[in-house]
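Please open the structure in your viewer and keep a selection tool at hand. The tour below moves from one selection to the next and says what is there at each stop.

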Amino acid sequence: MASTCAALLLVAVALLVVHLSRKLFKQHKLNLPPGPSPLPIIGSLHLFGTHPHQSLAGLAQKYGPVMSIQLGQKSCVVATSPEAAQEFLKLQDANFSSRPHLRCIELIAPQDIVFHDITPVTSHLRKIIVSELTSAKRLKASKYIRTEELAHMLRSISKETGPIQVKTFFYRMSTNILTRMVLNKRFLCQGQGDDHNAASEMQEFTEIIEEANYCMAAVHLKDVFNFIPKWLDPQGLDTRFRKLKARLDKFHINMVNQHREERRKNPISEEQKTFLDVMLEQLDNSKYEITEELIKGAIWNNLFAGTDTTMVTSEWAMAEVLRCPSVMKEARAELDRVVGLNRTVQESDIPDLKYIQAIVKETMRLHSIVPLLAPHQSIDATKAFGFDIPAKTRLFVNWWGIGRDPQVWENPLEFVPERFLDGAPHAKTEFHGQHFEFIPFGSGRRKCVGISFAALAVHIQVANFLHAFEWSLPTGLSPQMLDMAEGTGMAMQMQNPLVAIAKPRLPPHVYEG
Ligand SMILES: *[C@@H]1O[C@H](CO)[C@@H](O)[C@H](O)[C@H]1NC(C)=O
Ligand SMILES: *[C@@H]1O[C@H](CO)[C@@H](O)[C@H](O)[C@H]1NC(C)=O
């Protein structure tokens with residue numbers, strides 16, 4: 001008996017040795033990109049820090065623009081130069097177009113098209129998003145919505161006498177514009193009137209968005225470690241994700257039902273269609289298998305991705321301009337010349353506002369709101385710059401690091417909009433994903449679909465804030481003392497929100513319109 005046991009044990013040990021040596025041998029043969037040596041189990045998780053883009057940019061200085069790193073048990077590669085970004089997002093775009101399967105997506109938005117693998121159906125939906133929400137034709141048809149929301153915003157700021165939290169106003173404007181374009185609903189008002197249903201709907205909407213922001217930014221241990229069993233929920237996050245999903249489903253169904261009822265009573269013209277109308281039509285007449293779940297994914301993609309991001313960029317822009325009186329002066333000179341002192345800035349003014357455009361670009365460069373872009377994942381094993389990249393390697397493109405790379409940008413830490421003006425080195429640099437030194441929206445088949453909407457919203461917000469108000473900081477605060485620390489979260493906000501005082505600068509009738 002004992003000898004049988006011993007024999008079995010021996011065989012087991014022998015098998016283990018063969019297995020391990022094979023594994024070691026195989027890994028040994030791979031020529032992975034350089035990177036910090038991982039610790040057992042946690043890999044280099046401890047090196048990611050509270051602001052991974054900052055830590056990874058630091059590590060890239062030591063290990064180079066193509067770096068391997070272990071995030072727990074997941075192998076990752078980090079790209080930190082325009083050339084590396086181009087290699088992965090353009091030359092090998094197809095191979096890196098997958099996404100890691102993250103627990104929050106699986107539980108909250110299983111049909112999310114940003115994180116879903118690319119299939120004919122999701123490609124079709126992406127095309128619809130572009131043509132129905134952000135194409136020039138649609139943006140023109142929805143212009144009245146943005147004009148109204150802009151007027152609301154300027155009016156409510158003009159009534160404020162004390163310090164205001166600047167981003168609140170951006171948030172309200174961007175969110176209302178999006179929810180009106182998508183759902184024909186306006187959720188954020190100052191007074192809530194006495195319609196109880198509407199008030200509780202608004203409250204629910206705000207809470208869902210807040211909770212979603214929390215959930216999407218949380219680091220789930222199951223995304224990093226393979227050994228945690230499915231049923232175990234050490235952080236309580238699975239439960240939280242499932243609760244949010246249930247809440248979102250209920251809210252969504254309610255929206256859709258209300259919408260259908262309303263359309264039955266009051267049919268609308270082609271022009272007035274919202275994104276939801278277009279999506280519901282897809283349900284019935286598409287040659288693709290469009291499900292309710294996919295529609296929900298596409299709708300909430302737009303709402304989650306489109307509200308915070310524009311608000312955050314506009315807030316950083318305002319903070320930078322308040323810190324640089326010379327930039328403020330230059331921007332004002334342009335606005336006064338192009339727009340004049342008797343009206344607000346219109347969308348049609350933007351092409352003529354070159355300096356404002358440069359301010360927006362410079363803000364995107366220094367304050368990338370999605371600093372590592374959304375993570376990609378390789379489909380098959382491949383090679384890049386002579387290194388082996390195994391299948392299912394996560395790819396982080398450190399756009400934040402690229403935006404501050406001294407080899408690409410002169411004085412990278414200074415806010416200098418002039419670098420994007422005619423005659424300057426980056427005069428022709430655009431953010432549409434062709435110039436790999438400037439990819440705030442990513443590039444390739446996974447690039448952000450909302451670029452034209454986001455760019456329009458940020459330009460119009462920043463231009464009007466600078467044009468319509470004289471800004472000052474609360475007493476005791478000099479521009480140099482503004483805290484520009486980066487916060488954490490899904491879209492990278494200022495850690496301490498910008499608070500400032502706005503004094504109307506134009507004649508009163510401008511704010512009444
Ligand atoms: C990924 O790259 C490898 C090596 O270049 C290639 O064989 C494979 O077909 C690529 N896969 C995809 C999905 O493009
Ligand atoms: C300013 O605009 C108002 C309203 O559009 C108009 O009545 C007024 O004449 C304008 N003033 C100047 C100086 O152009």
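**The enclosed spaces**

This is a predicted model, and a search of the whole structure finds 2 cavities of 30 Å³ or more. The largest cavity holds about 100 Å³ of space, and of the 14 residues lining this cavity, those closest to its centre are Ile 108, Ala 109, Leu 248, Lys 296 and Gly 297, which make a good selection to begin with. Next, select helix H10 (237-265) and helix H12 (292-323), each of which supplies at least two residues of the lining of the largest cavity, with H12 giving the most, 6 residues. Colouring the lining of the largest cavity by class should give 6 nonpolar, 3 polar and 5 charged residues.

For the second largest cavity, with a volume of about 70 Å³, select Lys 143, Arg 146, Thr 147, Leu 150, Met 173, Val 345, Gln 346, Glu 347 and Ile 460, which line this cavity. Helix H7 (residues 143-158) provides the largest share of that lining, 4 residues, and by class the lining of the second largest cavity has 4 nonpolar, 2 polar and 3 charged residues.

**The whole protein**

Now zoom out until the whole protein is in view, with its 17 helices and 9 strands. The C-alpha atoms fill a box of roughly 100 × 60 × 45 Å along the principal axes, while the radius of gyration is 25 Å, which agrees with the value near 24 Å that a compact globule of 513 residues would have. Of the 513 residues, 52% count as buried.

**A hairpin and a pocket**

Select strand E1 (residues 66-71), which is mostly covered, since 5 of its 6 residues are buried. Then add strand E2 (residues 74-79), which runs antiparallel to E1 and is joined to E1 by 6 bridges; in one of these pairs, Ile 69 has Cys 76 in E2 as its bridge partner. Together E1 and E2 form a hairpin with 2 residues between them, and Gly 72 in the turn has a positive phi of about 60 degrees.

With the hairpin still selected, turn to the second largest pocket, which has a volume of about 1,100 Å³. Of the 36 residues that line this pocket, Gln 70, Gln 73, Lys 74, Ser 75 and Lys 392 are the closest to its centre. The elements that give two or more residues to this lining are helix H1 (2-29), E1, E2, helix H4 (103-108) and strand E6 (387-389), and the largest share, 4 residues, comes from E2. By class, the lining of the second largest pocket has 14 nonpolar, 11 polar and 11 charged residues.

**An open sheet**

Move on to the 3 strands that form an open sheet in the order E3-E9-E8, with antiparallel pairing. Strand E3 (164-165) and strand E8 (469-472) stand at the edges, each with a single partner strand, so one side of each is left without a neighbour in the sheet. Select E3 with strand E9 (residues 499-504) to see the antiparallel pair that 2 bridges join, where Gln 165 has Val 499 in E9 as its bridge partner.

**An annotated residue**

Which residue does UniProt list for "binding site"? An unreviewed UniProt entry lists Cys 448, so labelled in the record, and selecting Cys 448 leads to the loop between helix H15 (399-403) and helix H16 (451-468). Is Cys 448 buried, partly exposed or exposed? With a relative accessible area of 32%, Cys 448 is partly exposed, because buried means under 20% and exposed means over 50%.

Methods: Residues are numbered from 1 along each chain as its sequence is written. Chains are lettered from A and ligands numbered from 1 in the order in which they are written. This is a predicted model: local features need pLDDT of at least 70, side-chain atom pairs count only at pLDDT 80 or more; totals for chains, interfaces and linings use all residues. Side-chain values use heavy atoms; hydrogens and water are left out. Two strands pair if DSSP finds at least two bridges between them. UniProt positions are given in the numbering used here, feature names are shortened, and annotations may be inferred rather than shown by experiment. Buried means under 20% relative accessible area, exposed over 50%, partly exposed in between (1.4 Å probe, protein chains only). On a 1 Å grid over the protein atoms alone, a cavity is a set of points where a 1.4 Å probe fits but cannot get out, and a pocket is an open set with protein on both sides within 12 Å along at least five of seven lines; lining residues have an atom within 4 Å of a point. Grid points are joined across faces, edges and corners, and a volume is the space filled by probe spheres set on the points. Ala, Val, Leu, Ile, Met, Phe, Trp, Tyr, Cys and Pro count as nonpolar, Asp, Glu, Lys and Arg as charged, and the others, Gly among them, as polar. The radius of gyration is taken over C-alpha atoms; the globule rule is 2.2 Å times the number of residues to the power 0.38.
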